[in-house]
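Biologist: I would like to learn how to read a protein model, feature by feature. Where should I begin?

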Amino acid sequence: MTSLKNGGNSLKDSKTVQNMDSLVEIDDDTVLTEYLVDMLHKIFDPLPVPMILIDKDSKVRMINQVFADFLGYPKSYIIGKPVAEIDKNTRFPFVLKTKKSEIAWKHKFGNGRTAIVHRIVVLDEQGEVKYAVGMVLFEDLDQFKDIIEKNKLLENEVHLYKSQLKEMYGAKYSWDTIIGNSPKMSQTKFIAKRAAQSISNVLILGESGTGKELFAHAIHNDSARNHMPFVKVNCAAIPSELLESELFGYEEGAFTGAKKGGKIGKFELANGGSIFLDEIGDMPLKMQAKLLRVLQEREFERVGGNRTVKIDLRVIAATNKDLQRLIAEGKFREDLYYRLNVMTIEIPPLRERVEDIEEITIKLMEKLSNQLGIYVPKISKKALELLKSYSWPGNVRELENVLERAINLTETDTILPIHLPLYITQNKRKIDPNSIDSLQNLLEQTEREAIKSCLEYTNGNKLKTAKILNISRTNLYSKIEKYGLE
């Protein structure tokens with residue numbers, strides 16, 4: 001064996017170099033110094049993972065101490081020997097022949113120990129086998145099973161955290177949550193579903209209690225952003241001096257009382273998803289200008305900071321205010337209105353969709369019964385008629401409050417008129433759902449009631465009745481016949 005000289009030039013014809021207690025074979029065209037051999041051992045031996053290096057002839061060229069101990073042989077005995085002499089069950093010859101690596105295979109060694117291993121083939125530029133690396137991932141199956149169990153627990157925790165995050169910053173409602181199939185509601189849902197599939201900003205208009213937030217949730221859930229955050233902001237509930245930091249966040253030291261490390265804003269939380277700006281009509285003019293810039297540039301700076309934050313999100317805004325009136329009064333920016341007013345959804349009030357009241361009532365009774373723990377599944381026909389005859393200025397929210405009161409009052413499984421508030425039961429306004437839009441029908445109904453009451457007052461005296469009503473007797477006779485009051 002030729003000795004090493006001055007950088008190893010005399011090793012050109014050498015086959016092996018002995019270093020310490022191990023041997024490393026080298027190719028004819030490779031110059032390997034004692035220093036490099038020593039470094040390879042220093043790198044391999046401290047590693048807690050068993051590793052081995054096999055050449056193209058299936059001989060062991062390098063093994064670290066932990067693997068040698070695992071196999072039960074000294075390193076000096078293993079290096080240079082065919083791998084099959086060290087492990088009679090080895091698959092390295094097959095792996096080298098097929099040139100296909102084996103990842104995370106269960107393997108039973110010749111000494112009886114079972115482990116999960118990698119066998120990785122390394123090819124040269126011509127695609128020929130150069131060597132193979134072996135690695136033991138888990139030294140016994142119990143260790144492997146333990147890792148799997150820990151991984152399952154970790155996955156469960158991640159799933160829990162994701163669920164909690166979705167609950168905090170996620171949309172809860174879908175189209176199924178929005179009750180009503182009246183013509184007006186069906187048209188509104190149709191427009192909202194089309195808006196959900198677009199990438200444009202959405203403006204939801206409607207009176208208080210009509211369900212604007214439900215529509216915002218459903219639009220996000222039906223959009224391509226449904227797997228990303230849905231962040232809600234009530235612009236009317238946050239003091240104007242705090243609204244900027246709430247929306248855009250702030251840097252540490254931005255103002256007295258600022259948290260250490262700063263705070264992320266709602267727009268950053270919603271990045272990639274949707275932000276729902278409820279009661280946008282109550283946003284101060286100063287903030288309207290900043291919001292306009294965000295919508296135009298898709299960027300902003302935190303309060304007290306100078307770093308530009310880029311965002312990609314969709315704005316869903318809602319209000320019960322008349323924005324055009326606010327624009328005329330100088331309380332809302334016209335340019336912001338047109339930026340938001342791309343896809344507009346107008347939710348009809350409950351009084352304009354009387355056909356939906358029965359279905360909404362039943363659904364609300366189911367919901368409230370579960371919440372209150374009081375099972376009340378029925379409502380009398382008379383009570384339902386009274387609900388339909390009321391104008392509902394507070395819309396569905398008011399209806400829910402009335403039903404909650406009724407469920408608490410009833411001692412049976414049925415809501416009766418007596419369980420409804422007096423302002424509903426004594427409501428004189430009568431509405432025929434089939435003629436709600438017909439002024440003529442309403443006028444005729446009122447006229448008939450007036451003539452009938454007057455005839456009862458005069459004990460059927462038509463002359464006296466005509467004088468009281470200030471109409472001719474001929475006209476009175478005609479109307480009596482028309483309304484069947486004979």
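Modeller: Begin with pairing: two strands pair if DSSP finds at least two bridges between them. In β6, for example, the bridge partner of histidine 107 is alanine 115. Keep in mind that this is a predicted model.

Biologist: How many bridges join β5 to β6, and do the two strands run parallel or antiparallel?

Modeller: The general idea is that strands of a sheet pair through backbone hydrogen bonds, either parallel or antiparallel. Here β5 (residues 102–108) and β6 (residues 114–123) run antiparallel and are joined by five bridges. Another bridge pairs lysine 106 with isoleucine 116 in β6.

Biologist: What lies between β5 and β6?

Modeller: The two strands form a hairpin, with five residues between them. Glycine 112 sits in the turn, and its phi is positive, about 95 degrees.

Biologist: Which residues other than glycine have a positive phi?

Modeller: Serine 58 is one of them, with phi near 70 degrees. Serine 58 belongs to the loop between β3 (51–55) and β4. Lysine 99 also has a positive phi, near 65 degrees, and lies in the loop between α5 (92–98) and β5.

Biologist: Is serine 58 buried or exposed?

Modeller: Buried means under 20% relative accessible area. Serine 58 has 14%, so serine 58 is buried. Lysine 99 has a relative accessibility of 35% and therefore counts as partly exposed.

Biologist: Back to the strands. In what order do they stand in the antiparallel sheet?

Modeller: A sheet is read strand by strand, from one edge to the other. This one is an open sheet of five strands, in the order β4-β3-β7-β6-β5. β4 and β5 stand at the edges; each has a single partner strand, so one side of each has no neighbour in the sheet. On average, neighbouring strands of this sheet are turned by 25 degrees against each other, direction ignored.

Biologist: Which strands form the sheet with parallel pairing?

Modeller: That open sheet has five strands in the order β9-β10-β13-β8-β14. Its edge strands are β9 (230–234) and β14 (343–346), each of which pairs on one side only. Here the average turn between neighbouring strands is 15 degrees, again with direction ignored.

Biologist: Where can I look at one parallel pair in this sheet?

Modeller: Take β10 (residues 274–278) and β13 (residues 314–319), which pair in the parallel sense over four bridges. Serine 274 stands opposite arginine 314 in β13.

Biologist: Next, side chains. What does the side chain of asparagine 64 reach?

Modeller: To read such a contact, find the residue, check its exposure, then look for its partner. Asparagine 64 is in the loop between β4 (60–63) and α2 (65–71). Its relative accessible area is 0%, so asparagine 64 is buried. The side chain of asparagine 64 reaches the backbone nitrogen of methionine 51 at 3.0 Å.

Biologist: Where is arginine 225, and what does its side chain reach?

Modeller: Arginine 225 is in the loop between α8 and β9. With a relative accessible area of 18%, arginine 225 counts as buried, because the limit is under 20%. Its side chain reaches the backbone oxygen of glycine 272 at 3.1 Å.

Biologist: How do I read the empty space? How many cavities of 30 Å³ or more are there?

Modeller: A probe placed in a cavity fits but cannot get out, whereas a pocket is open. A search of the whole structure finds one cavity of 30 Å³ or more. The largest cavity holds about 140 Å³ of space. Its lining has 16 residues, and those nearest its centre are Ile52, Phe67, Asp87, Phe92 and Phe109. α2, β6 and β7 (129–138) each supply at least two residues of this lining. By kind, the lining divides into nine nonpolar, four polar and three charged residues.

Biologist: What is the volume of the largest pocket, and which residues are closest to its centre?

Modeller: The largest pocket contains about 730 Å³ of space. It is lined by 25 residues, and the closest to its centre are Gly211, Leu214, Lys367, Val396 and Glu400. At least two lining residues come from each of α8 (212–221), β10, α14 (357–372) and α16 (395–409). The lining of the largest pocket consists of 10 nonpolar, five polar and 10 charged residues.

Definitions and conventions. Residues are numbered from 1 along each chain as its sequence is written. This is a predicted model: local features need pLDDT of at least 70, side-chain atom pairs count only at pLDDT 80 or more; totals for chains, interfaces and linings use all residues. Side-chain values use heavy atoms; hydrogens and water are left out. Axes are lines fitted to C-alpha atoms, for helices over the stretch in contact, and angles run from 0 to 180 degrees between N-to-C directions. On a 1 Å grid over the protein atoms alone, a cavity is a set of points where a 1.4 Å probe fits but cannot get out, and a pocket is an open set with protein on both sides within 12 Å along at least five of seven lines; lining residues have an atom within 4 Å of a point. Grid points are joined across faces, edges and corners, and a volume is the space filled by probe spheres set on the points. Ala, Val, Leu, Ile, Met, Phe, Trp, Tyr, Cys and Pro count as nonpolar, Asp, Glu, Lys and Arg as charged, and the others, Gly among them, as polar. Buried means under 20% relative accessible area, exposed over 50%, partly exposed in between (1.4 Å probe, protein chains only). A polar contact is a pair of N or O atoms within 3.5 Å; within protein, one must be able to donate a hydrogen and the other to accept it, and residues adjacent in sequence count only if both atoms are side-chain atoms.
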